[in-house]
Amino acid sequence: MALDGIKARMQQLRVEADASSTKVEELTAKVKTLEQENLAKEQEITSLTHKNQVAEGQLEDLHGRHDDLKKQLDQAGGHSTQNEALQRRLQILEEEAEEADKNLRETNDKYGPSPPDISGSNINLNNRLRQTDVKAGHYERKVQALESARDQWEEKYEEMSKKYAQVKKELEDFQLEIGNI
């Protein structure tokens, strides 16, 4: 009877050890997945920030060219042919500016709000950076929590291994005693 109890206890300890091992593997896989997701998000943020900066630079250039052409148009006043050419160039530049502005809006609509100006852009980038920091902090806390849970499971596994070894030794001792009787 006692031997059956010990066998049952050993079987229970084996099942618990297997379950603990499986849980540790699952948590390790989950940590890796979260780390990969975090890296992908960081890369996406970097890429989008770069695209946004390029689009803003193009928009600024187009606005500068637009302003220059307007000034040239004002100075040309009496020269109708030159005036017409400048108006055509101005129209082309305005269309390019509208297209660039449209692309910027589409990009920002897809990836975030449109900055009203350069200082607004810096504020927007700072806000995105803060959001990224908050997300990174959140994922760091998740990773820490998962690592803590993994450590707890490892400790439980070690305890169960020690208990298993102890019960196994007791069983061997018991078998020796029974064999000597």
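Modeller: Rings of Phe, Tyr and Trp count as a pair if their centres lie within 6.5 Å. In this predicted model, the structure holds zero such aromatic pairs.

Colleague: Okay, then what makes you say that the charged end of K156 sits over the ring of W153?

Modeller: The cut-offs are 6 Å from the ring centre and 35 degrees from the ring normal. K156 has its charged end 4.8 Å from the centre of the W153 ring, so the distance is within the 6 Å limit, and the pair is listed as sitting over the ring.

Colleague: Why is the contact between R150 and D151 called a salt bridge?

Modeller: A side-chain nitrogen of Lys or Arg has to be within 4 Å of a carboxyl oxygen of Asp or Glu. For D151 and R150 the N to O distance is 3.2 Å, so the pair qualifies.

Colleague: And how do you know that R150, D151 and E154 are linked in a network?

Modeller: R150 also forms a salt bridge with E154, with the closest N and O atoms 3.7 Å apart. R150 therefore bridges to D151 and to E154. R150 and E154 are four residues apart in helix α3, which means about one helical turn between them.

Colleague: Why is R150 called partly exposed?

Modeller: Buried means under 20% and exposed means over 50%. R150 comes out at 26% relative accessible area, so R150 is partly exposed.

Colleague: Which other residues form a salt bridge in helix α3, four residues apart?

Modeller: K169 and D173, with the closest N and O atoms 3.3 Å apart. D173 is partly exposed too, at 32% relative accessibility.

Terms used. Residues are numbered from 1 along each chain as its sequence is written. This is a predicted model: local features need pLDDT of at least 70, side-chain atom pairs count only at pLDDT 80 or more; totals for chains, interfaces and linings use all residues. Side-chain values use heavy atoms; hydrogens and water are left out. Rings of Phe, Tyr and Trp (its six-membered ring) pair if their centres lie within 6.5 Å; planes under 30 degrees apart count as stacked, over 60 as edge-to-face and the rest as tilted. Buried means under 20% relative accessible area, exposed over 50%, partly exposed in between (1.4 Å probe, protein chains only). Helices (H or I, at least four residues) and strands (E, at least two) are DSSP runs, numbered from the N terminus.
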